[in-house]
Amino acid sequence: MDKKTDIVSAQVVDVKTNKITLKTEDDEVIEVARPDSVAHDMLFIQTMKDILKSGIWIPVNKKLKQLLRYDWFETPVEQYSF
């Protein structure tokens, strides 16, 4: 049985001031709002641009449309979202 999960790997494909666009391994496009918790973090957008340039995959909750704070291997599911 194929069990679907809301937590997926995605690559950043576009970075705007208040929105990050990601693409999953299944080519699904997800738009994520800039988290309120980093509204005043000047390094957040630069970090997202660096991730875009590097092409690395990051964890994202596609159902909630949220970036995850931690790698899913290290953190209990209750602490995933920003």
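Reader: What makes strand 2 and strand 3 count as a pair?

Author: In this predicted model, 5 bridges run between strand 2 and strand 3, and the sense is antiparallel. Pairing requires at least two bridges, so the 5 bridges here satisfy the criterion. Leu 22 has Ile 30 in strand 3 as its bridge partner. The two strands form a hairpin with 4 residues between them, and Asp 27 in the turn has a positive phi of about 65°.

Reader: How do you know that strand 1 pairs with strand 2, and which residue is the bridge partner of Val 12 in strand 2?

Author: Strand 1 and strand 2 share 5 bridges in the antiparallel sense; the requirement is at least two, so they are a pair. The partner of Val 12 is Leu 22. Between these two strands lie 3 residues, and together the strands form a hairpin.

Reader: What makes strand 1 and strand 4 a pair?

Author: Strand 1 (residues 7-15) and strand 4 (residues 57-61) are connected over 5 bridges, again antiparallel. Because at least two bridges are needed, this count qualifies them as paired. Within this pairing, Gln 11 stands opposite Trp 57 in strand 4.

Reader: In what order do the strands form the sheet, and why are some of them called edge strands?

Author: The order is 3-2-1-4-5 in an open sheet, with antiparallel pairing. Strand 3 (29-33) and strand 5 (66-67) each pair on one side only, and this is what places them at the edges. Along the sequence the pattern reads β-β-β-α-β-β, with 1 helix and 5 strands in total.

Reader: Which strands does helix 1 lie across?

Author: Helix 1 (residues 43-54) lies across strand 1, strand 2 (19-24), strand 4 and strand 5. With respect to strand 1, the helix runs at about 100°.

Reader: Why is Thr 24 called buried?

Author: Thr 24 has a relative accessible area of 5%. Buried means under 20%, so Thr 24 belongs in that class. This residue is found in strand 2. Setting aside residues up to four places away in sequence, Thr 24 touches Val 8, Ser 9, Ala 10, Ile 30 and Trp 57. Across the protein, buried residues account for 33% of the 82 residues.

Reader: Which residues of the largest nonpolar core touch the most other members?

Author: Those residues are Val 12, Leu 22, Phe 44, Met 48, Val 60 and Leu 67, within a core of 16 residues. At least two core residues come from each of strand 1, strand 2, strand 3, helix 1 and strand 4. For Val 12, leaving aside neighbours within four places in sequence, the contacts are Ile 20, Thr 21, Leu 22, Met 48, Ile 51, Leu 52 and Ile 58.

Reader: What makes the contact between Asp 27 and Lys 23 a salt bridge?

Author: Side chains of opposite charge can pair when their charged atoms come close. The closest N and O atoms of Asp 27 and Lys 23 are 3.8 Å apart. The limit is 4 Å, so the pair qualifies as a salt bridge. The structure holds 4 salt bridges.

Reader: Why is Asp 27 called exposed, and what is Lys 23 called?

Author: The relative accessible area of Asp 27 is 55%. Exposed means over 50%, so Asp 27 passes the threshold. Lys 23 has 31%; this value falls between 20% and 50%, so Lys 23 is partly exposed.

Reader: How do you know that Lys 62 and Glu 28 meet in a salt bridge, and what does the pair tie together?

Author: Their N to O separation is 3.5 Å, and the limit is 4 Å, so the pair meets the definition. Lys 62 lies in the loop between strand 4 and strand 5, whereas Glu 28 lies in the loop between strand 2 and strand 3, so the pair ties together parts that are 34 residues apart in sequence. Lys 62 is partly exposed, at 25%, and Glu 28 is also partly exposed, at 34%.

Reader: What makes the meeting of Asp 14 and Lys 16 a salt bridge?

Author: The N to O distance between the side chains of Asp 14 and Lys 16 is 3.5 Å. This value lies within 4 Å, so the pair counts as a salt bridge. Asp 14, at 27% relative accessibility, is partly exposed, and Lys 16, at 44%, is partly exposed as well.

Conventions:
Residues numbered from 1 in each chain as written. Predicted model: local features only at pLDDT ≥ 70, side-chain atom pairs only at ≥ 80, totals over all residues. Heavy atoms only, no water. Buried < 20%, exposed > 50% of the residue type's maximum accessible area, 1.4 Å probe, protein only. Contact = heavy atoms within 4.5 Å. Axes fitted to C-alpha atoms, helices over the stretch in contact; angles between N-to-C directions. Core = buried A, V, L, I, M, F, W, Y, C linked by side-chain atoms within 4.5 Å.
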